[in-house]
Amino acid sequence: MAKRDIVVIGASAGGVYALKEFVASLPKDFQASIFIVLHISPHSPSFLPDILNHSGPILAAHPTDGEPIHTGRIYVAPPDHHMLVEYDQVIVKKGPKENRFRPSIDALFRSAAYTYGPRVIGIVLTGMLNDGTSGMWSVKRLGGLGIIQEPKEALYPSMPDNVLEYVDVDYSVPVSEMAELLQKLIQETVPDKPELAPEEDKRMELEVNIAAQDNAFEMGILELGEFTPLTCPECNGALISLKEGKLIRYRCHTGHAFTASSLLAEVAKSVEESFWKGIRSLEETIILLEQSGKQFEEGGNSIAAEQFFRKALETRERARQAHEFIYIQEGIGEN
């Protein structure tokens, strides 16, 4: 009988501390495979496997594309690559970002759920925004179990809080209790994998394949959701909306995916950048007006000088107002 032997974990801000505590409490003979996505910079190396190897008894490493899955191993997603699981192997690909991240927690969880169904245990730890919510929904939808770090304990409770809001999780526990809980859960035999409606099955398979670098447009992603008037902040592509229970997500025709919160954060960032460009132009205008006023003043044309200085003062006021507004705008996209 199949057991719950696939453990997928997602973490972001504060995740290193939580993961160190977690792996330190695992037994050496842990009879499951663990897959970890931690949000990290795409431009620097990840030392998380080394950190985890010094913290606990189970070997941790960045997998290579196509590497077979072994029990009692920890697989850590490498920087700037999605880590997926299918056909008893690890897939490491540079597919489109999800929720502005690569690696994506949702992409890992979704692939594990689609491939292994009730054999999967999903865990979401500390972090900002809500990467992991959609993935956990997929885990639960296909018969797996959902665990979150107790939000009050998390350094950044947003990610576990968001999962709790949109998904019926099975356990909310401190990190210190997770290893003991997992030891019990991985001994359980699991029921058959639930059947999905053909359209839902096709969409989930397609989304897994998109993360594995397949062509979203050619596979017909636009046919699997409702068109919106919104555009993708990553590539300006057309966005469709997708519903998962109470959760609404968005995906563009090139493959980028967003929850409503991550889309809002990215749009707010784009608006902020546009405002800073506008402020720069206003301040350049002030410099030009003041320099011109001084030139007229030095040339004895006091009337023209006064006009330019007055326009410079008016432009300074507009720039000041723009500065005040941009800080209000920044708050829109915050967690």
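Before we start, axes are lines fitted to C-alpha atoms, for helices over the stretch in contact, and angles run from 0 to 180 degrees between N-to-C directions. Helices (H or I, at least four residues) and strands (E, at least two) are DSSP runs, numbered from the N terminus. This is a predicted model, where local features need pLDDT of at least 70 and side-chain atom pairs count only at pLDDT 80 or more, while totals for chains, interfaces and linings use all residues. Residues are numbered from 1 along each chain as its sequence is written, and side-chain values use heavy atoms, with hydrogens and water left out.

**Exercise 1: two helix pairs**

Work out how α4 packs against α5, then do the job again for α3 and α4.

Solution. Step one is the geometry of α4 (residues 133-141) and α5 (residues 158-166): their axes are 9 Å apart and meet at an angle of about 45°. Angles under 35 degrees count as roughly parallel, over 145 as roughly antiparallel, 65 to 115 as roughly perpendicular and the rest as oblique. α4 and α5 are therefore oblique to each other.

Step two is the handedness. A crossing is left-handed if the near helix is turned anticlockwise from the far one by less than a right angle, and right-handed if clockwise. For α4 and α5 the crossing is right-handed.

Step three is the contact (heavy atoms within 4.5 Å). On the α4 side, T133, M136 and W137 make it, and on the α5 side, N162, V163 and Y166. Sort these residues with Ala, Val, Leu, Ile, Met, Phe, Trp, Tyr, Cys and Pro as nonpolar, Asp, Glu, Lys and Arg as charged, and the others, Gly among them, as polar. That gives four nonpolar, two polar and no charged for α4 with α5.

Now the second pair. α3 and α4 have axes 7 Å apart and an angle of about 10°, and they are therefore roughly parallel to each other. Here D106, F109, R110 and A113 of α3 meet T133, S134, G135, M136, S138 and V139 of α4. Their tally is four nonpolar, four polar and two charged.

**Exercise 2: the sheet around E67**

Lay out the sheet with β4, β7 and β6, and place E67 in its surroundings.

Solution. Start with the order: three strands form an open sheet, β4-β7-β6, with antiparallel pairing. Strands pair if DSSP finds at least two bridges between them. β4 (67-68) and β6 (82-86) are at the edges with a single partner strand each, so one side of each has no neighbour in the sheet. Two bridges link β4 to β7 (residues 89-93) in the antiparallel sense.

Next, zoom in on E67, which is found in β4 and has V90 of β7 as its bridge partner. Buried or exposed? Buried means under 20% relative accessible area, exposed over 50%, partly exposed in between (1.4 Å probe, protein chains only). At 17%, E67 is buried. Beyond its neighbours within four places in sequence, E67 is in contact with R73, Y75, Q89 and V90.

Finally, add the helix: α3 (residues 105-116) lies across β6 and β7, at about 5° to β6.

**Exercise 3: odd backbone spots**

Find where the backbone departs from the usual, with D88, R100 and P103 as your targets.

Solution. Keep the rule in mind: most residues other than glycine have a negative phi, and most peptide bonds are trans.

- D88, in the loop between β6 and β7, has a positive phi of about 60° without being a glycine; with a relative accessible area of 48% it is partly exposed.
- R100, in the loop between β7 and α3, has phi near 75°; at 26% relative accessibility it counts as partly exposed.
- P103 is in the loop between β7 and α3, and a cis peptide bond with omega of about 15° joins R102 to P103.

**Exercise 4: strand β9**

How many residues of β9 are buried?

Solution. Count along residues 145-149: five of the five are buried, so β9 is largely enclosed by the rest of the structure. Then split by face: L145, I147 and Q149 are on one side, G146 and I148 on the other. For the pairing, β8 (residues 120-124) and β9 run parallel over four bridges, with I121 standing opposite L145.
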